[in-house]
Amino acid sequence: MKRTITNIGFLAAFIMFSTTILPLQSQVFTIGSNIHCVISGNTYLVLNNGGIKNNGVFHSGNGTVVFSGAGYTIDTGTSAITYNNLTLSGSGTKVNSNNVAVIGTVSVSGSTVVDADGYGNNKTFTLRSTATSLATVAQAGSSGGYITGNVTAECYIPGRRKYRLITSSVTTSGSSSLSVGQEALSIWGNWQNQGDSTTGNVGTIITGGSIADGFDRQTPNASLYTYDDVNRKYVGFTSGNGKNTKYTPLKAGVAFYMFVYGDRLNKITTSSPNNTVLKEYGTLLTGDQSYTTSTSIPLSNVTNRFTLLGNPFASPINWATLPKTNISNTYWGWDPNLSSTGGYITVNTSGTVTLISPFTGTTGLNQYIQPGQGFFVKTTALSPTLNIREQDKVSNFNVNAFRTTNNISLMAINLMYNNGKNKVLADGVLVAYDPLFADSK
């Protein structure tokens with residue numbers, strides 16, 4: 001059965017756009033019921049001063065949908081929309097009134113304000129994460145433009161029993177602790193999927209205390225840790241240490257060391273757990289973020305001590321461009337592919353050279369710190385500062401673990417052990433040789 005697609009002027013049951021489309025000014029692009037609309041290739045669908053009303057099926061393919069002009073409602077239809085790339089520009093407030101997901105990049109510029117959850121109408125705006133894609137939020141433009149309201153940020157984690165250094169990409173509550181009735185804003189309400197153990201591939205098990213405190217009771221041992229920079233050790237996030245997951249909110253940039261058991265259908269003894277997606281519902285941080293010894297996430301003021309931080313943005317950031325004062329050019333990350341439960345990777349940037357150790361040529365970490373990734377920085381002198389700016393966001397995902405613009409000699413020594421018939425990389429050291437390096441370094 002055919003239905004009219006408003007503003008296009010013809011009837012069809014299946015529509016594919018392969019060139020740039022510019023609908024009429026100040027009108028809504030309506031997709032009727034039983035209509036299947038597809039944007040193919042790198043096509044741009046530009047909507048000037050009007051939103052989409054999707055009552056059918058809409059696929060953005062590899063294309064980009066652009067909402068420009070003054071404020072209006074992005075989507076007023078009855079069917080959810082998944083965008084590849086979504087660009088919002090112009091002035092005014094663009095309100096989301098449907099369930100929307102993005103699998104590519106969200107770009108907001110000009111004086112645009114995007115109300116992600118439609119003034120509290122419980123419609124979700126999701127930054128989707130899968131095994132092959134990760135939605136990100138691009139740099140805020142110099143002339144402004146930002147997302148307000150709540151978004152759902154996802155973090156896909158393969159089904160492997162591994163530790164991770166992990167942070168939330170959103171802040172679920174501005175409070176330091178929650179009250180009864182606010183459990184949905186907590187670690188339990190997000191990463192533990194509000195205790196739901198029947199839905200697959202969502203959330204994970206977190207152990208370490210009582211059910212009243214939000215912990216899963218399969219073992220009393222902690223699976224979630226914070227870092228104590230004074231004593232240089234991880235501290236269990238447990239009932240015994242006065243912690244809970246049910247009334248503790250997630251904060252963008254606050255990182256944890258967590259053993260991920262897979263989804264909540266697994267037992268803690270499951271050897272091959274299911275893949276899972278950790279979801280967080282809250283507000284995004286916008287604008288440059290500064291870290292000193294007195295900020296809410298303080299840097300250690302003691303030379304050679306470490307501070308555990310998390311990427312505060314829903315976007316990769318470039319470690320090489322972050323302004324640092326009395327902070328080492330090396331960061332320490334955690335690669336779950338090392339050893340049996342993971343291991344530390346050092347990433348050092350010096351001029352145009354980036355060095356990663358242990359070095360394999362395929363190590364998963366590099367200078368581009370991913371959304372949701374935690375990392376350690378080291379204080380090298382008193383009064384350290386670190387800035388993570390909007391301009392440090394990057395859109396490219398570098399699959400190479402080693403990048404250099406110089407011809408440089410390397411000597412890598414890796415520690416391997418036998419695991420049955422396979423050799424497993426456990427640790428390593430990397431030495432770089434270049435005439436530009438000083439002997440003392």
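Here is a walk through this structure, from the whole chain down to a few individual residues. Please keep in mind that the model is predicted.

Let us start with the overall picture. The protein chain has one helix and 38 strands, so strands will be our landmarks throughout, numbered from the N terminus. Of the 441 residues in the chain, 50% are buried. The accessible surface comes to about 19,200 Å², and carbon and sulfur atoms account for 50% of that area. If you take the contacts in the chain with a separation of 6 or more, 61% of them are between residues 24 or more positions apart.

A good place to step inside is strand β9, which spans residues 64–68. Five of its five residues are buried, so β9 is largely enclosed by the rest of the structure. Its side chains divide between two directions: T64, V66 and S68 point one way, while V65 and F67 point the other way, and all are buried. Strand β9 has partners to look at as well. Strand β6, residues 44–48, is joined to β9 by five bridges, and these two strands run parallel. Within that pairing, L45 has V65 of β9 as its bridge partner. Strand β12, residues 85–88, is joined to β9 by four bridges, again in a parallel arrangement. Here the bridge partner of F67 is L88 in β12. As background, the strands of a sheet pair through backbone hydrogen bonds, either parallel or antiparallel.

Two residues of β9 lead straight on to the packing of nonpolar side chains. The largest nonpolar core has 33 residues, and V65 and F67 are among the members that touch the most others, together with F58 and Y83. For F58 we can list the surroundings. Leaving aside neighbours within four places in sequence, F58 is in contact with I31, C37, I39, L45, I52, V65, I81, T82 and Y83. Apart from this core lies another one, made of 20 residues, including Y291, Y331, I345 and I388. In general, nonpolar side chains tend to be buried together in soluble globular proteins.

One of the contacts of F58 is C37, which brings us to the cysteines. C37 counts as buried because its relative accessibility is 0%. C155 also counts as buried, because its value of 17% falls under the 20% limit. The structure holds zero disulfides.

Next come two open sheets with antiparallel pairing. One has four strands, in the order β21-β24-β22-β23, with antiparallel pairing. Its edge strands are β21 (162–167) and β23 (233–236), each of which pairs on one side only. Ignoring direction, neighbouring strands of this sheet are turned by 35 degrees against each other on average. Four bridges connect strand β22, residues 224–228, with β23, and the two run antiparallel. To find this pairing in the model, look for Y225, which stands opposite G236 in β23.

The other open sheet has three strands, in the order β26-β35-β29, also with antiparallel pairing. At its edges are β26 (289–291) and β29 (324–325), each pairing on one side only. Strand β35, residues 385–388, is joined to β26 by three bridges, and the two run antiparallel. There, S290 has N387 in β35 as its bridge partner.

Now for the loops. After the edge strand β29, the loop between β29 and β30 (327–335) holds N326. N326 has a positive phi of about 60 degrees although it is not a glycine. N326 counts as partly exposed because its relative accessibility is 28%. Another asparagine, N34, is found in the loop between β4 (29–31) and β5 (36–39). N34 is not a glycine either, and has a positive phi of about 70 degrees.

Two further loop positions are worth a visit. The peptide bond from S357 to P358 is cis, with omega near 0 degrees. P358 sits in the loop between β32 (353–357) and β33 (368–369). Finally, S395 lies in the loop between β35 and β36 (403–404). S395 counts as exposed because its relative accessibility is 59%. Its C-alpha atom is separated by 8.8 Å from that of V137, although S395 and V137 are 258 residues apart along the chain.

Conventions
Residues are numbered from 1 along each chain as its sequence is written. This is a predicted model: local features need pLDDT of at least 70, side-chain atom pairs count only at pLDDT 80 or more; totals for chains, interfaces and linings use all residues. Side-chain values use heavy atoms; hydrogens and water are left out. A nonpolar core is a set of buried Ala, Val, Leu, Ile, Met, Phe, Trp, Tyr and Cys residues joined through side-chain atoms within 4.5 Å. Buried means under 20% relative accessible area, exposed over 50%, partly exposed in between (1.4 Å probe, protein chains only). Contact means heavy atoms within 4.5 Å. Two strands pair if DSSP finds at least two bridges between them. Axes are lines fitted to C-alpha atoms, for helices over the stretch in contact, and angles run from 0 to 180 degrees between N-to-C directions. A disulfide is a pair of cysteine sulfur atoms within 2.5 Å. Accessible areas come from the Shrake-Rupley method with a 1.4 Å probe; for residues, only the protein chains shown count as cover.
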